Amino acid sequence: MTETTKTHVILLACGSFNPITKGHIQMFERARDYLHKTGRFIVIGGIVSPVHDSYGKQGLVSSRHRLIMCQLAVQSSDWIRVDPWECYQDTWQTTCSVLEHHRDLMKRVTGCILSNVNTPSMTPVIGQPQHETSQPIYQNNNVPTKPTAAKILGKVGESLSRICCVRPPVERFTFVDENANLGTVMRYEEIELRILLLCGSDLLESFCIPGLWNEADMEVIVGDFGIVVVPRDAADTDQIMNHSSILRKYKNNILVVKDDINHPMSIVSSTKSRLALQHGDGHVVDYLTQPVIDYILKSQLYINASG
């Protein structure tokens with residue numbers, strides 16, 4: 001498969017990130033490596049979306065702090081970004097709503113409809129024009145008429161960093177212009193783009209708890225978008241999926257990362273990192289990056305047992 005025929009993927013992780021751990025970042029890296037190895041996908045970006053303050057989880061620190069910690073954790077990454085949209089809403093948003101926001105935002109920016117997992121050939125994709133235009137695509141006459149696949153991929157990645165993955169200064173978060181239309185630069189090529197929910201096997205298990213998730217939301221999350229699961233503690237994902245009729249129904253839309261890395265829950269667990277901070281445990285460096293630790297200590301976060 002060529003670069004333009006592979007499915008281009010944006011990985012979206014929703015969560016408390018209270019605080020964000022090294023394990024959370026490793027999940028992105030492992031998912032990207034696995035998807036690339038399948039030969040079917042190109043991961044062009046990752047989005048960290050911290051939950052709204054009104055989520056109500058005990059010990060959840062202000063989104064102002066969590067956004068900054070997330071930003072510090074990904075500052076050395078050239079493809080993972082932090083998005084504040086979820087935190088900036090008036091109230092808590094469902095995971096389904098967050099996925100739909102990013103899908104609609106990319107649609108507005110590119111002028112195209114993102115393909116769903118179950119209908120990839122039925123919907124317009126990134127780069128596929130919605131209507132013809134006689135206007136020149138480039139104002140610069142030195143630019144070739146037809147962009148190469150590499151340039152197109154670069155534009156998609158550039159759009160991602162500008163549009164839905166904000167990398168603002170640590171002290172100030174701002175939105176970007178959602179009315180920009182960058183899709184015309186890619187109109188000669190068809191690039192299929194999907195937003196996939198990135199999660200651990202613990203979230204997959206939560207789908208099986210009766211009444212915890214809205215079934216209509218589950219249908220959209222798994223059926224329309226699709227999910228990438230990074231197993232933790234050698235979890236049996238096949239057995240988990242068999243416990244949910246919706247997961248069984250859309251099993252082909254669930255991509256389970258298979259590699260040789262054993263992913264212990266401890267390196268992902270924000271709870272364990274908070275306990276280490278409260279007890280002055282030096283092993284906190286195993287859970288959190290140094291910039292995040294420095295910020296936590298400076299801001300006196302998670303010092304009390306309640307936080």
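The legends below walk through several views of a predicted model.

Residue numbers start at 1 along each chain as its sequence is written. In this predicted model, local features need pLDDT of at least 70 and side-chain atom pairs count only at pLDDT 80 or more, while totals for chains, interfaces and linings use all residues, and side-chain values use heavy atoms, with hydrogens and water left out.

**View 1. The whole protein has 12 helices and 6 strands.**
Helices (H or I, at least four residues) and strands (E, at least two) are DSSP runs, numbered from the N terminus. Of the 307 residues, 52% are buried, where buried means under 20% relative accessible area, exposed means over 50%, and partly exposed lies in between (1.4 Å probe, protein chains only). The protein exposes about 14,600 Å², and carbon and sulfur atoms supply 48% of that area; accessible areas come from the Shrake-Rupley method with a 1.4 Å probe, and for residues only the protein chains shown count as cover. Take the contacts (heavy atoms within 4.5 Å) between residues at least 6 apart in sequence: 78% of them join residues at least 24 apart.

**View 2. Six strands form an open sheet with parallel pairing.**
Follow the strands across in the order β3-β2-β1-β4-β5-β6. At the edges stand β3 (80-82) and β6 (254-256), each pairing on one side only. Two strands pair if DSSP finds at least two bridges between them. On average, neighbouring strands are turned by 30° against each other, direction ignored. Angles run from 0 to 180 degrees between N-to-C directions, and axes are lines fitted to C-alpha atoms, for helices over the stretch in contact.

**View 3. Strand β2 meets β3, and helix α1 packs on the sheet.**
Strand β2 (residues 41-50) pairs with β3 in the parallel sense over 3 bridges. Look for Val48, which stands opposite Val82 in β3. Helix α1 touches β1 (7-15), β2, β3, β4 (193-200), β5 (227-230) and β6, and its direction makes about 160° with that of β2.

**View 4. Leu11, Leu198 and Val228 touch the most other members of the largest nonpolar core.**
A nonpolar core is a set of buried Ala, Val, Leu, Ile, Met, Phe, Trp, Tyr and Cys residues joined through side-chain atoms within 4.5 Å. This one holds 43 residues, and its largest share, 7 residues, comes from helix α2 (residues 63-74). Not counting residues up to four places away in sequence, Leu198 touches Leu11, Leu12, Ala13, Met27, Phe28, Ala31, Val228 and Val230. A second, separate core of 32 residues includes Ile10, Leu193, Cys199 and Trp213.

**View 5. Glu29 and Arg32 form a salt bridge within helix α1.**
A salt bridge is a side-chain nitrogen of Lys or Arg within 4 Å of a carboxyl oxygen of Asp or Glu, and by this rule the count comes to 7. Here the N to O distance is 3.5 Å. Both residues lie in α1 (residues 22-38), 3 residues apart, about one turn of the helix. Glu29 is partly exposed, at 27% relative accessible area.

**View 6. Lys249 and Glu219 meet in a salt bridge.**
Their N to O distance is 3.5 Å. Lys249 lies in helix α9 (residues 245-249) and Glu219 in helix α7 (residues 215-225), so the pair ties together parts that are 30 residues apart in sequence. Lys249 counts as exposed at 54% relative accessibility, whereas Glu219 is partly exposed at 27%.
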